[in-house]
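Dear colleague, here are some notes to read beside the coordinates, arranged as numbered points. Please go through them in order, with the structure open.

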Amino acid sequence: MNHLVYPGSKRGLLIRLASVLLVILLALGLWGCGVAQSADRPSRLVIPTPSGPSTFNYPLNESAYSVFGYIYSPVIEEHPVTGELQPGLAESWEIAPNGQRIIITLRSGLKWSDGEPMTVDDVIFTYNEIYFNDQIPSSFKDILRVGRDRTLPTVKKLDDRRVEFSVPEPFAPFLRYAGGLPILPAHVLADSVRNFDSQGNLLFLSTWGTNTDPQEIVGNGMYRIRSYNPNQRVILERNPYYWREDSQGNPQPYIEQIVWQIIESSDTQLLNFRSGSLDTLDVQPEAFPLLKPEETRGQYTIYSPGPDTGTVFMSFNLNQGKNADGRPFVEPYKSRWFNNLAFRQAVYYSINREVMKNNIFLGLGELQHSPFPVQSPFYLSPEQGLRTYSYNPENARELLREAGFSYDDNGNLIDDEGNQVRLTLLVAAGRKVREQMATQIAQDLSRIGIRVDPLFLSFNTYVNRLSKTRNWEAFLGGFTGGVLEPHGGYNIWSVNGRLHTFNQGQQPGEPEIEGWVVSDWEQKIDDLYVQASQELDNDKRRELYGEAQKIIAENLPFLYMVNPLVFDAIRDRIEGINYTPIGRGFWNLYELKIRE
């Protein structure tokens, strides 16, 4: 059994002293491998990531870890304090009185990172030939479709700087989506979306993978990729053609390079940060008591925007379909467990999330009950009628018995056919908190007779199992979240959505899935999201999303865990930090400077 060592104990002090020595030795070795300080090197910001990129092709990306935020800029941006929309690559926009037509005017003189002009033709190409292309498997089509007919917007060129978006009916997130997705370069990618390889596959599907020369990747953001060493780092250099400049006419950003350091283990990230070789750190709960007292001496500041806006959950594979070889994604007898609502509810009642919050997250968080962040104006609280599941193993056992399960002489849970209830839980390796959560879940469920075998996988392998092969039983995972527009999660709740992970249907380019079944409650959630996107009255939208949250809480496609407080540690040598809850620490990266 694992035990938590608190910082105040003598044993904890000895461990920390040993850790300091290990920090120095390990960090010197790691730093000597590639990103050491030198007097004549360019200004450089070193940021850790637990996983390398899975692709450099933005529409095909399914990973939470990517460099796209550096190499692309949105046409329309969110204000980091208010969340209001403001110009990015766009100079301005006009909205028709009925809200169904938007004309966006691009800035004059925009260029791609290879120096070629960026025009409205690139916008038209990106939407009509990539985002709207049924042969390209991308989750963006899910959120761009309008109404029950799932109609895509119409995108039309007016001239070299003006583009018109139109929809057949009101669509609440219309402007946010029309201006928020990255624009891709037609002069580089057009051939790949119009031609096929010898097997009949669209060339675009194999374009800009991680084996591509990084300097061939063209963007329109602050940086462009200079080099990529798999499992080590991505180095980005300032884009000389980026449009933004300061009031004196000096080009921005000021920081010349971003080093995206790939460090899978959160413990190793902590070691590197404390040694000084990282400029920022996503502070995990167990590290907060260690780092907070060292702020002044370590020359960094820990900021917090409050609770995380994403979700962390356990989920069962509810997919009853078969793969292309005719084999079920899930063993049929296990599929019957997972699709039994009483089973899912019993599992939820058996996970002691209060202990999880207090021991693993050190009390720095709250129990999570909804896919909506508590900061969202559309969040439905338990006080407003959202169902919750407090720890109650006796209630869990009763639910299981009523559902036909029983116990053998050794206390193992047995189904009505005599099968022992045992399952594998997929977990992305390297994040200590997630690993501890998986261990606790296995321990908690053993108390009601369920055997859980955690399987720790590298992040990209983990994602492939979930979304490509669908060969999994349960997983511990999470989604990033948005505060202002719930429809951004429609690719999770659409029954055809690419992130409808718990029961993912056929995606573009895939063979039909035999035996795939959509439950009534899944379809109802989908319908409510569509209705809410059509409704422009926020009070009515709040009611619709509230009903969706109730259905989710009742049927438990995801068993939400703990909503932790977020902490970002940032070096004091980085000048210009203006931390905000929405934008976090680097929203104004273009105007930050590094004091050497």
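1. Two residues are said to be in contact when they have heavy atoms within 4.5 Å of each other. With that cut-off, and not counting residues up to four places away in sequence, Gln320 touches Ser335, Asn339, Asn503, Gly515 and Val517. Please bear in mind here, and in every point that follows, that the model is a predicted one.

2. Where in the chain does Gln320 lie? Its place is the loop that runs between strand E13 (311-316) and helix H10 (332-338). One of its contacts, Asn503, is 183 residues away along the chain, yet the C-alpha atoms of Gln320 and Asn503 are separated by 8.1 Å. Gln320 has a relative accessibility of 41%, and because partly exposed residues are those between the 20% and 50% limits, it is counted among them.

3. On the chain as a whole, the model contains 18 helices and 23 strands. The radius of gyration is 25 Å, close to the 25 Å given by the globule rule for 596 residues, so the chain is as compact as a globular protein of that length. Along its principal axes, the C-alpha trace spans about 75 × 60 × 50 Å. Buried residues account for 53% of the 596 residues, and of the contacts between residues at least 6 apart in sequence, 68% join residues at least 24 apart.

4. A UniProt annotation from an unreviewed entry, "domain: Solute-binding protein family", covers residues 84-495. In the model, the end C-alpha atoms of this span lie 30 Å apart, and its content is 28% helix and 21% strand.

5. One sheet deserves a separate look. It is an open sheet of four strands in the order E4-E5-E7-E6, with antiparallel pairing. Its edges are strand E4 (90-95) and strand E6 (154-157), each of which pairs on one side only. Ignoring direction, neighbouring strands of the sheet are turned by 20° against each other on average.

6. Within this sheet, E4 pairs with strand E5 (residues 101-106) in the antiparallel sense over five bridges, and Glu94 stands opposite Ile103 in E5. At the other edge, E6 and E7 are likewise antiparallel, with four bridges between them, and Lys157 is found opposite Val163 in E7. The connection from E6 to E7 is a hairpin through four residues.

7. Which helix lies across E5, E6 and strand E7 (162-166)? Helix H3 (residues 120-131) does, and it runs at about 160° to E6.

8. In soluble globular proteins, nonpolar side chains tend to be buried together. Here the largest nonpolar core has 148 residues, and those with the most contacts inside it are Met314 and Phe343. H3 gives the most to this core, contributing seven residues. Leaving aside neighbours within four places in sequence, Phe343 is in contact with Phe316, Trp337, Phe338, Leu400, Phe405, Val421, Leu423 and Ile450. Apart from this core lies another, of 18 residues, which includes Ile235, Phe273, Leu281 and Tyr300.

Terms used: Residues numbered from 1 in each chain as written. Predicted model: local features only at pLDDT ≥ 70, side-chain atom pairs only at ≥ 80, totals over all residues. Heavy atoms only, no water. Helix = DSSP H or I, 4+ residues; strand = E, 2+ residues; numbered from the N terminus. Buried < 20%, exposed > 50% of the residue type's maximum accessible area, 1.4 Å probe, protein only. Pairing = 2+ DSSP bridges. Axes fitted to C-alpha atoms, helices over the stretch in contact; angles between N-to-C directions. Core = buried A, V, L, I, M, F, W, Y, C linked by side-chain atoms within 4.5 Å. UniProt positions renumbered as here; feature names shortened; annotations may be inferred. Rg over C-alpha atoms; globule rule 2.2 N^0.38 Å.
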